[in-house]
Amino acid sequence: MDEIFRQQVFEIIRLIPLGRVTSYGAVARAVGYPNHARHVGNALRHYDEDFPAHRVCNSSGQITAGCLADFTDKLAAEGIEVVGNRIKDFRNIFWDPLEEV
C-alpha cells in the first residue's frame, strides 16, 4: 500500500469529531479514491492506541473490525450506542468529510 495514501487516510480519520462516525468509503472519497474503501480498511490494520479508528465503520453502520468489543467500548465513551455490531442512529451521527472539512 502506498504510504502517501495511508497518511492521507489517517489525516482524514483524525478529523472525525468526537461522537461522530464515518465510513471507509467516505474516507476513500475524501482522499480522492472513491472505489478504494477496502484499501482504507487495510490501512487501518496498524495504528497507535490513541488513534480514533473506532470512528470508522462500513457504509451501513456496522463495525467490521476484528476488535468489536474494544471499538464498542470506545464509542460508548463518546456517547455512541452500538447494538450487536451496528451503530445506533448511524445516519444521524454520520460525518462526511467531503461536506464537513
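Biologist: Of the contacts in the chain with a separation of 6 or more, what share comes from residues 24 or more positions apart?
Modeller: Keep in mind that this is a predicted model. Take the contacts with a separation of 6 or more, and pick out those between residues 24 or more positions apart. Their share is 64%.

Biologist: And what radius of gyration does the chain have?
Modeller: Let's start with the box: along the principal axes, the C-alpha atoms fill roughly 35 × 25 × 20 Å. A compact globule with 101 residues would come out near 13 Å, and the chain agrees with that, so its value fits the globule rule: 12 Å.

Biologist: How much of the chain counts as buried?
Modeller: Here a residue is called buried if its relative accessible area is under 20%. Out of the 101 residues of the chain, the buried share is 42%.

Biologist: In what order do the elements run from the N terminus on?
Modeller: There are six helices and four strands to place. Going from the N terminus on, they read α-β-α-α-β-α-β-β-α-α.

Biologist: Which helix gives the most to the largest nonpolar core?
Modeller: That core has 29 residues, and V9, I13, V21, V40, L44, L75 and I87 have the most contacts inside it. At least two residues each come from helix 1 (3–14), helix 2 (24–30), helix 3 (37–43), strand 2 (56–57), helix 4 (68–77) and helix 5 (90–93). With five residues, the top giver is helix 1.

Biologist: Let's zoom in on V40. Which residues is V40 in contact with, leaving aside neighbours within four places in sequence?
Modeller: V40 is one of the residues with the most contacts inside the core. Once those sequence neighbours are set aside, the partners of V40 are F5, V9, Y24, V27 and A28.

Biologist: Now helix 4. Within what arc do its buried residues fall, seen down the axis?
Modeller: The buried residues of helix 4 are F71, K74 and L75. They line one face of the helix, because seen down the axis they fall within an arc of 100°.

Biologist: Which strands do the buried residues of helix 4 pack against?
Modeller: First, the other side: the face turned away from the buried side carries the exposed residues A69, D73 and A77. The buried residues of helix 4, in turn, pack against strand 3 (82–83) and strand 4 (86–87).

Biologist: Which residue with a positive phi follows helix 4?
Modeller: Look just past the helix for a phi near 85°. The residue there is G79.

Biologist: What about T22: buried or exposed?
Modeller: T22 sits in strand 1 (residues 22–23). Beyond four places away in sequence, T22 touches I16, V27, R55, V56, C57, F94, W95 and P97. Its relative accessibility is 0%, so T22 counts as buried.

Biologist: Which residue has its backbone oxygen 2.7 Å from a polar atom of the T22 side chain?
Modeller: Among the residues T22 touches are F94, W95 and P97. The backbone oxygen 2.7 Å from the polar side-chain atom of T22 belongs to W95.

Biologist: T22 also touches C57. How far is the sulfur of C67 from the closest cysteine sulfur, in C57?
Modeller: A disulfide is a covalent bond between the sulfur atoms of two cysteines. The structure holds zero of them. C57 is buried at 0% relative accessibility, whereas C67 is partly exposed at 27%. No bond joins these sulfurs because they are too far apart, at 13 Å.

Methods: Residues are numbered from 1 along each chain as its sequence is written. This is a predicted model: local features need pLDDT of at least 70, side-chain atom pairs count only at pLDDT 80 or more; totals for chains, interfaces and linings use all residues. Side-chain values use heavy atoms; hydrogens and water are left out. Buried means under 20% relative accessible area, exposed over 50%, partly exposed in between (1.4 Å probe, protein chains only). A polar contact is a pair of N or O atoms within 3.5 Å; within protein, one must be able to donate a hydrogen and the other to accept it, and residues adjacent in sequence count only if both atoms are side-chain atoms. Contact means heavy atoms within 4.5 Å. A disulfide is a pair of cysteine sulfur atoms within 2.5 Å. A nonpolar core is a set of buried Ala, Val, Leu, Ile, Met, Phe, Trp, Tyr and Cys residues joined through side-chain atoms within 4.5 Å. The arc is that of the directions from the helix axis to the C-beta atoms. The radius of gyration is taken over C-alpha atoms; the globule rule is 2.2 Å times the number of residues to the power 0.38.
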